[in-house]
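Hi,

Here is the structure I promised to pass on. Have a look, and then read my notes below.

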Amino acid sequence: MLVVENLQVEFGGVLALAGVSFSVEPGTITSLIGPNGAGKTTAFNAITGYLRPTRGRVAWQGEPIAGRRPCEIARRGVVRTFQRTSVFPTLSVFDNVRTGLHLRGTAGVWSILGRTPRVSAEERRLAAAADEVLTFVGLAHRRDARAGELPYGEQRLVELAVALAARPRLLLLDEPAAGMTGAEKDRLVALIRKIRGDDVTVLVVEHDMRLVMGISQTVIVLNHGRVIAEGAPAEMRAHPEVIRAYLGSSDAPA
Ligand SMILES: Nc1ncnc2c1ncn2[C@@H]1O[C@H](COP(=O)(O)OP(=O)(O)OP(=O)(O)O)[C@@H](O)[C@H]1O
Ligand SMILES: [Mg+2]
């Protein structure tokens, strides 16, 4: 369903991705792991249109998407979250989620937020959809809070809600558990499983190895811009090349 072939990204002569190939099977939770600087976020950026690969191919449901704009890719169902928190801090949680909804409506994001009469019927429909997503991620009680005032872990859930509002078929999560407490991580795991249960394929970048090993069917390991191993979680944990890549790194897959 997602096929990445020989993906290469160069920054000023440095190869952040040096010919990466992998595929993500429909209906799975797949993790992309690797030490800091391995190229995980760069891969997400190239897949979701935030940067144009120097070389290589990204195909989604048989159709090439590399080089298209992020919103075009999102409209096809490939939606991502960001490693750094990207909520609109002064907007309410509800309005943050509504910004994600413009990808599936006919109204633009500004008319949705601006409440022009022309879109009022559509606006009601989208408001109901936003509430549905907030309930799904367990943030209904925070609906009217300013997003920037929520605890960090809940801000990450707002981002997840914004992404879900766009109705992804493939959801890419860049370190969704970063900054979360243990209890928040447990809730996140349950949520990711529930998302998968809703027929959404999930690709996760994450440093928390307990989380990765617990939710993934397949783990893909990147190091220095290359795939060094790929397989079932237990296999990857015991893989000599993977262990070597993490030696001296702060987040060993113990
Ligand atoms: N915009 C950029 N300009 C120049 N170099 C970049 C840029 N973005 C990333 N890099 C470099 O590309 C390499 C891969 O970075 P990337 O952010 O993809 O790593 P990562 O695997 O996501 O790491 P982390 O786990 O720390 O998030 C790093 O060497 C990084 O310094
Ligand atoms: Mg990263």
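Which residues does Leu134 touch, not counting residues up to four places away in sequence? They are Val93, Phe94, Val97, Leu139, Ala140, Arg143 and Ala161, where contact means C-beta atoms, placed from the backbone, within 7 Å.

Before you go further: this is a predicted model, where local features need pLDDT of at least 70 and side-chain atom pairs count only at pLDDT 80 or more, while totals for chains, interfaces and linings use all residues. Residues are numbered from 1 along each chain as its sequence is written, and chains are lettered from A and ligands numbered from 1 in the order in which they are written.

Now the core. The largest nonpolar core (buried Ala, Val, Leu, Ile, Met, Phe, Trp, Tyr and Cys joined through C-beta atoms within 7 Å) has 70 residues, and those touching the most other members include Leu134, Val97 and Ala161. Its largest share, 8 residues, comes from α6. Domain 1 (1-77 + 168-254) and domain 2 (88-167) both contribute, so this core lies between them; the bounds come from an automatic or database domain assignment.

Then there's α3 (helices are DSSP runs of H or I, at least four residues, numbered from the N terminus). In α3, 7 of 9 residues are buried, meaning 20 or more other C-beta atoms within 10 Å of their own. Among them are Asn96 and Arg98. Helix α3 (residues 93-101) packs on α6 (residues 152-165) at about 35°, axes 7 Å apart, with axes fitted to C-alpha atoms over the stretch in contact and angles running from 0 to 180 degrees between N-to-C directions.

Cheers

Note on methods. Helix = DSSP H or I, 4+ residues; strand = E, 2+ residues; numbered from the N terminus. Buried ≥ 20, exposed ≤ 12 C-beta atoms within 10 Å, placed from the backbone. Contact = placed C-beta atoms within 7 Å.
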